[in-house]
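Morning, everyone. Please have the sequence and the structure open while I talk. I'll take the helix pairs, then the cores, then a few single residues.

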Amino acid sequence: MKELNTILVIEDDQDMASLVKNFLNSLYPAADTILNDEQTAFKTAKNFNIDLFIVDINLPTYSGYDLGQFMRSITGKDIPTLYISSNPDYHFEKGELGDDSSLFLKKPFGKEKLKEYIEKIISEA
């Protein structure tokens, strides 16, 4: 499995963002977890070598799907992206977005489910 050094989390719900960051810090203590809103995420993606994006689909300004694709274009890399949402209307299977490095995880989720999805997406990257 690829080593995770930097994880960028884009989540507008601060409670959820903190929860995800706590999960990530306990699962991957050596990795830097950066929390951003969608406005500062672009600068972060340009200035850091991101290994994993975790993006909420329902963001105030942009669609999480669009943001994830744009972040990949900014970095020029096919960075594994885990999309998250509590909206029951959102769901996609691996490969539906035209790539094999995106997965969807429905909220709410626990630490072990997050780990399972991260390991799945990273092992195939």
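Helices (H or I, at least four residues) and strands (E, at least two) are DSSP runs, numbered from the N terminus. With that in hand, Phe70 sits in helix α3. Now the ground rules. This is a predicted model, where local features need pLDDT of at least 70, side-chain atom pairs count only at pLDDT 80 or more, and totals for chains, interfaces and linings use all residues. Residues are numbered from 1 along each chain as its sequence is written, and side-chain values use heavy atoms, with hydrogens and water left out.

First pair: α2 and α3. Two packed helices are described by the angle between their axes and the distance between the axes. Axes are lines fitted to C-alpha atoms, for helices over the stretch in contact, and angles run from 0 to 180 degrees between N-to-C directions. Helix α2 covers residues 38-47 and helix α3 covers residues 64-75. Their angle is about 25°, and their axes are 9 Å apart. So α2 and α3 are roughly parallel to each other. The cut-offs: under 35 degrees is roughly parallel, over 145 roughly antiparallel, 65 to 115 roughly perpendicular, and the rest oblique.

Which residues meet? From α2, Glu38, Ala41, Phe42, Ala45 and Lys46 meet Leu67, Phe70, Met71, Ile74 and Thr75 in α3. Contact means heavy atoms within 4.5 Å.

Take Glu38, in helix α2. Is Glu38 buried or exposed? Glu38 is buried, with a relative accessible area of 4%. Buried means under 20% relative accessible area, exposed over 50%, and partly exposed in between, with a 1.4 Å probe and protein chains only. Leaving aside neighbours within four places in sequence, Glu38 is in contact with Ile10, Leu59, Pro60, Thr61, Tyr62 and Leu67. Glu38 and Leu67 are 29 residues apart in sequence, and 7.7 Å apart in space, C-alpha to C-alpha.

Across in α3, Phe70 is partly exposed, at 43% relative accessibility.

Second pair: α1 and α4. Their axes come within 10 Å and cross at roughly 70°. Therefore α1 and α4 are roughly perpendicular to each other. On the α1 side, the contact uses Val20, Phe23, Leu24, Ser26 and Leu27. On the α4 side, Lys111, Leu114, Lys115 and Ile118 take part.

Next, the cores. A nonpolar core is a set of buried Ala, Val, Leu, Ile, Met, Phe, Trp, Tyr and Cys residues joined through side-chain atoms within 4.5 Å. The largest one has 21 residues. Ile7, Leu24, Ile54, Leu114 and Ile118 touch the most other members. The elements giving two or more residues are β1 (6-10), α1 (14-27), β3 (52-56), β4 (81-85), β5 (102-106) and α4 (111-123). Which element gives the most? That is α1, with 5 residues.

Look at Ile118. Outside its neighbours within four places in sequence, Ile118 is in contact with Leu4, Leu24, Tyr28, Leu52, Ile54 and Leu82. Apart from this largest core lies another, of 17 residues, among them Ile50, Tyr65, Tyr83 and Phe104.

Phe104 belongs to strand β5. Phe104 is buried, at 5% relative accessible area.

Last stop: the loop between β5 and α4, where Pro108 is found. Most peptide bonds are trans. Lys107 and Pro108 are joined by a cis peptide bond, with omega about -5°.
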